[in-house]
Amino acid sequence: MAGRRRAWRSPVVGLCLLLVALVGCGGRPAADTARAEVQRLLDRRAAALLGHDRAAYGATGTLAGYAELGQVPFAEWDYRVTTVRTGGATATADAELRYRIRGYDGAPVVAGRTLRLARAADGRWSVAADRPAGQGGQQLWDQGAVNVVRGAHSMVLGTGQPQGQLRSYARLADRAVPAVSDAWGTGWSRHVVVLVPKSLEGMAALLGSPASSYRGIAAVTTGETGAPARAPADRIIVNPEAYGMLGSLGRQVVLTHETTHVATRRATDAATPLWLSEGYADWVGYRGTGRTPEQAAPELQRAVAEGRVPAALPVDGDFSFSGDANKLARAYEGGWLACRMIAERWGEARLGEFYRAVGAHRQRAGAVEDALRRVLGTTSGEFTADWREYLRLQLG
């Protein structure tokens, strides 16, 4: 009589079979496997984008974004996957996108992205969507196709803007760069990247902030203060609505002001008060334009005429975009006139030296006081008194 075949397996083998779906016998956890698979997928997608290979890009998932990015001259584009959360045939991946524009970025710009993924019947992942992570700001191509205009010292990237309009920005930026170098010196990149979204809402989305924060603000500059030489290039981001309301001189002053922030970024630190960084940028912006204090500082002129001479230099809180617009204007005007006074009394070269000395202090406490003493030979109290008298003479 034939005996019954008995099923038997060792406890070790049984454990391996039980866990294989989760870790594989002697292998990596499923989450690590999915992360590695997604990383390889995004590596192929990045290579296709840099190689301008539409078919290869499409083989990795949605073509959304490919056409929008087509004109931008990227020298680098890659993803670094940080987490993958799977759920059957779908997954969500968090990644750092690192990209560099050829000729402008000394180091990659880093942006958080969240990618939605789909798994085909053959087990391969594909990209279904690629969006900004969390509350992070958008990239310009998230808002539509990017048009590119190259200037002699600038690159202008725009969405929803005609080429002729973008060329006008490039002309202004090309004039701003040598003007800034003439005032500050040539020890900076001497080129700028200007982003021109379609609207105020587009500008705010790039900055990850509500539009109300930038209403009436013509442009801002993003960048890392005190950054090393190989930091990513700053971005000048334009509010086309407020910028469009300016005259030709106003537009040039704004672009020159923002370009000054790009040039001075490495010398600007937490020690640098906003009255100095914004005042210096305005001083360079107005330099050589012939604008008088009455013309360039109307809000402060009105206050001085009414006997309301500020008791002290503007504090950082006075420069809040979401506060009183007139107070904001007086803060900028007061900073500009402080820098103008330094340039007139101590000389333009000494103004630049003073700016650098403040930023080199590395901490706010004592930075301005030390630079006033060492560079200008004065004290904080004397400087403030001189500035108040200067306001009366120039605006009274």
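Here are some questions and answers about a predicted model.

Me: In what order do the strands of the open sheet of 4 strands come?
Reply: The pairing in this sheet is antiparallel. Neighbouring strands are turned by 30° against each other on average, ignoring direction. Reading across the sheet, the order is β1-β2-β3-β4.

Me: Which strands of that sheet stand at the edges?
Reply: Look for strands with a single partner, because one side of each is then left without a neighbour in the sheet. That fits residues 74–87 and residues 125–132. So the edge strands are β1 and β4.

Me: Which residue is the bridge partner of threonine 83 in β2?
Reply: Strand β2 covers residues 90–101 and pairs with β1 in the antiparallel sense, over 12 bridges. For threonine 83, the partner in β2 is aspartate 94.

Me: How many residues lie between β5 and β6 in their hairpin?
Reply: β5 takes in residues 147–150 and runs antiparallel to β6, with 4 bridges joining the two. One of the bridges puts arginine 150 opposite methionine 155 of β6. Between the two strands of the hairpin there are 3 residues.

Me: Is α5 parallel, perpendicular or oblique to α8?
Reply: Helix α5 (residues 163–184) packs on helix α8 (residues 248–264) with the axes 8 Å apart, at an angle of about 55°. Roughly parallel would need an angle under 35 degrees, and roughly perpendicular one of 65 to 115, so this pair falls in neither class. That makes α5, relative to α8, oblique.

Me: Is the crossing of α5 and α8 left-handed or right-handed, and which class of residue has 9 members in the contact?
Reply: The crossing is right-handed. On the α5 side the contact includes Leu172, Val177 and Trp184, while α8 brings in Leu255 and Ala263, among others. Charged residues number 2 and polar ones 5. The class with 9 is nonpolar.

Me: Is glutamine 161 buried or exposed?
Reply: Glutamine 161 sits in the loop between β6 (154–158) and α5. Leaving out residues up to four places away in sequence, glutamine 161 touches Asn147, Leu166, Val196, Pro197, Lys198 and Pro240. The cut-off for buried is under 20% relative accessible area. Glutamine 161 has 13% relative accessibility, so the label is buried.

Me: What distance separates the C-alpha atoms of glutamine 161 and alanine 129?
Reply: Along the chain, these two are 32 residues apart. In space, their C-alpha atoms are separated by 25 Å.

Conventions
Residues numbered from 1 in each chain as written. Predicted model: local features only at pLDDT ≥ 70, side-chain atom pairs only at ≥ 80, totals over all residues. Heavy atoms only, no water. Pairing = 2+ DSSP bridges. Axes fitted to C-alpha atoms, helices over the stretch in contact; angles between N-to-C directions. Parallel < 35°, antiparallel > 145°, perpendicular 65-115°, else oblique. Left-handed = near helix turned anticlockwise from the far one by under 90°. Contact = heavy atoms within 4.5 Å. Nonpolar A, V, L, I, M, F, W, Y, C, P; charged D, E, K, R; others polar. Buried < 20%, exposed > 50% of the residue type's maximum accessible area, 1.4 Å probe, protein only.
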